[in-house]
Amino acid sequence: MDLVVERDYPTLSQAAADLVADLLTVKPDARLVVATGETPLGLYRNLADRKGPGEVDTSRLRVFQLDEYLGLTVDDSRSLYRWMREAFLEPLAIPDHQVTRLPGDAASPSEACREYDQAIERAGGYDLAILGLGPNGHLGFNEPPSDADAPTRVVTLTPESVRSNARYWGGEDRVPRQALTAGMKHLLAARHILLLVSGQGKREILARTLEGPMTPEVPASFLQRAPRVTMIADRDAMAAPPLSVADEA
Ligand code: PGA
């Protein structure tokens with residue numbers, strides 16, 4: 001895993017945007033799976049700023065949705081598709097037909113999850129997974145416990161995720177209790193994973209992700225054995241330099 005420690009959130013976002021822009025230069029038809037949540041918003045804004053002057057070409061990009069609440073239509077104000085559309089797709093002028101949804105409103109959500117996995121397999125896997133780190137160690141909505149080979153599926157959110165997401169939706173009682181999530185298996189197999197971690201609130205889970213045992217109880221800990229991971233954290237998220245960085249200094 002490559003660890004990059006940035007001074008603060010703006011420089012983290014800039015470094016992440018550099019990495020994504022470089023990928024789009026060499027592979028304009030890349031397949032990206034894209035996180036919602038607060039952490040990647042600076043990256044998305046930064047990319048959108050480069051889109052204006054034509055520094056990034058998104059015309060051939062394929063986007064896969066990372067997670068969605070069960071039962072919500074795309075137009076529901078709480079839908080993660082809507083979040084992704086406002087934060088990522090529209091600023092980067094990516095039309096819906098370039099996106100593979102995780103449809104929370106499907107007649108058979110389990111079947112929709114199987115179809116999603118087939119779609120990503122047909123596409124040859126993700127080139128880049130842009131991920132945040134849940135306070136409980138989840139990736140997407142792969143809630144603990146999640147095995148490293150877990151498929152895309154319907155999950156029940158842990159009380160911790162419900163609490164954490166309540167801030168977006170104006171109270172815990174408004175947060176749906178179930179969700180669809182892209183599975184661990186394909187996420188971990190992505191050609192490149194970009195994990196973004198910001199703020200003191202992530203310190204403890206970040207330490208467990210990097211240095212704890214690999215366990216389904218901390219799904220992000222399986223990143224330790226993923227083929228290629230770049231983790232960009234700000235100083236607030238790092239309790240102390242990890243041993244590998246300290247050794248190099
Ligand atoms: P955050 O969410 O980026 O809003 O902290 C991360 C997550 O829960 O996966």
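A residue counts as buried when its relative accessible area is under 20%. Thr 152 comes in at 6%, so Thr 152 is buried. Keep that cut-off in mind, as it returns several times in this tour of a predicted model. We'll start with Thr 152, move on to the aromatic rings and helix 5, look at the ligand, and finish with Leu 210 and a few backbone details.

**Thr 152 and its surroundings**

- You'll find Thr 152 in the loop between strand 6 (128–132) and strand 7 (153–156).
- Its side chain makes a polar contact of 2.6 Å with the side chain of Asp 117.
- A polar atom of the Thr 152 side chain also lies 2.9 Å from the backbone nitrogen of Gly 183.
- Leaving aside residues up to four places away in sequence, Thr 152 touches Leu 102, Cys 113, Tyr 116, Asp 117, Thr 181, Ala 182 and Gly 183. Asp 117 and Gly 183 turn up in that list, and they are also the partners in the 2.6 Å contact and the 2.9 Å approach.

**Aromatic rings**

- Searching the whole structure turns up 8 aromatic pairs.
- One of them is Tyr 69 with Trp 169, an edge-to-face pair with 6.2 Å between centres and 80 degrees between planes.
- That pair bridges distant parts of the chain: Tyr 69 belongs to strand 4 (residues 67–69) and Trp 169 to helix 5 (residues 159–169), 100 residues apart.
- Tyr 69 has a relative accessibility of 1%, so Tyr 69 counts as buried. Trp 169 has 8%, and therefore counts as buried too.
- Trp 169 has another edge-to-face partner in Trp 83, at 6.1 Å centre to centre and 75 degrees between the planes.
- Here, too, distant parts of the chain are linked, with Trp 83 in helix 3 (residues 80–89) and Trp 169 in helix 5, 86 residues apart. Both of these tryptophans are buried.
- Step back and you'll see one aromatic cluster, made up of Tyr 69, Trp 83, Phe 141, Tyr 168 and Trp 169.
- There's a ring-and-charge arrangement to look at as well: the charged end of Arg 101 sits over the ring of Tyr 81, 5.7 Å from the ring's centre.

**Helix 5**

- Which residues of helix 5 are buried? They are Ser 161, Val 162, Ser 164, Asn 165, Ala 166 and Trp 169.
- An α-helix has 3.6 residues a turn, so residues three or four places apart point the same way.
- Strand 4 and helix 3 are among the parts that cover the buried residues of helix 5. You've already met both: strand 4 holds Tyr 69, and helix 3 holds Trp 83.
- Right after helix 5 comes Gly 170, with a positive phi near 75 degrees.

**The ligand**

- Around the ligand you'll find Gly 37, Glu 38, Thr 39, Leu 133, Gly 134, Pro 135, His 138, Arg 167, Tyr 168 and Lys 202.
- Glu 38 uses its backbone here: one of its backbone N or O atoms is 2.8 Å from a ligand oxygen atom.
- Thr 39 uses its side chain, where an N or O atom is 2.5 Å from an oxygen atom of the ligand.
- In Tyr 168, a side-chain N or O atom is 2.4 Å from an oxygen atom of the ligand.
- On its own the ligand would expose 280 Å², and the protein buries 87% of that.
- Tyr 168 has two roles in this briefing, as it surrounds the ligand and also belongs to the aromatic cluster.

**Leu 210**

- Leu 210 is part of helix 7 (residues 203–211). Its relative accessibility is 18%, so Leu 210 counts as buried.
- What does Leu 210 touch, not counting residues up to four places away in sequence? The answer is Met 1, Leu 3, Gln 224 and Met 231.
- Leu 210 and Met 231 are 21 residues apart in sequence, with their C-alpha atoms 9.9 Å apart in space.

**Backbone details**

- The peptide bond from Pro 144 to Pro 145 is cis, with omega near -5 degrees. Pro 145 lies in the loop between strand 6 and strand 7, and Thr 152 is in that loop as well.
- Ala 93 isn't a glycine, yet its phi is positive, near 55 degrees.
- Ala 93 is in the loop between helix 3 and strand 5 (99–100). With 51% relative accessibility, Ala 93 counts as exposed.

Note on methods
Residues numbered from 1 in each chain as written. Predicted model: local features only at pLDDT ≥ 70, side-chain atom pairs only at ≥ 80, totals over all residues. Heavy atoms only, no water. Phe/Tyr/Trp six-rings, centres within 6.5 Å; stacked < 30°, edge-to-face > 60°. Helix = DSSP H or I, 4+ residues; strand = E, 2+ residues; numbered from the N terminus. Buried < 20%, exposed > 50% of the residue type's maximum accessible area, 1.4 Å probe, protein only. Lys NZ or Arg CZ within 6 Å of the ring centre and 35° of its normal. Near = heavy atom within 4 Å. Polar contact = N/O pair within 3.5 Å; in protein donor to acceptor, adjacent residues only side chain to side chain. Areas by Shrake-Rupley, 256 points an atom, 1.4 Å probe, with all protein chains shown as cover. Contact = heavy atoms within 4.5 Å.
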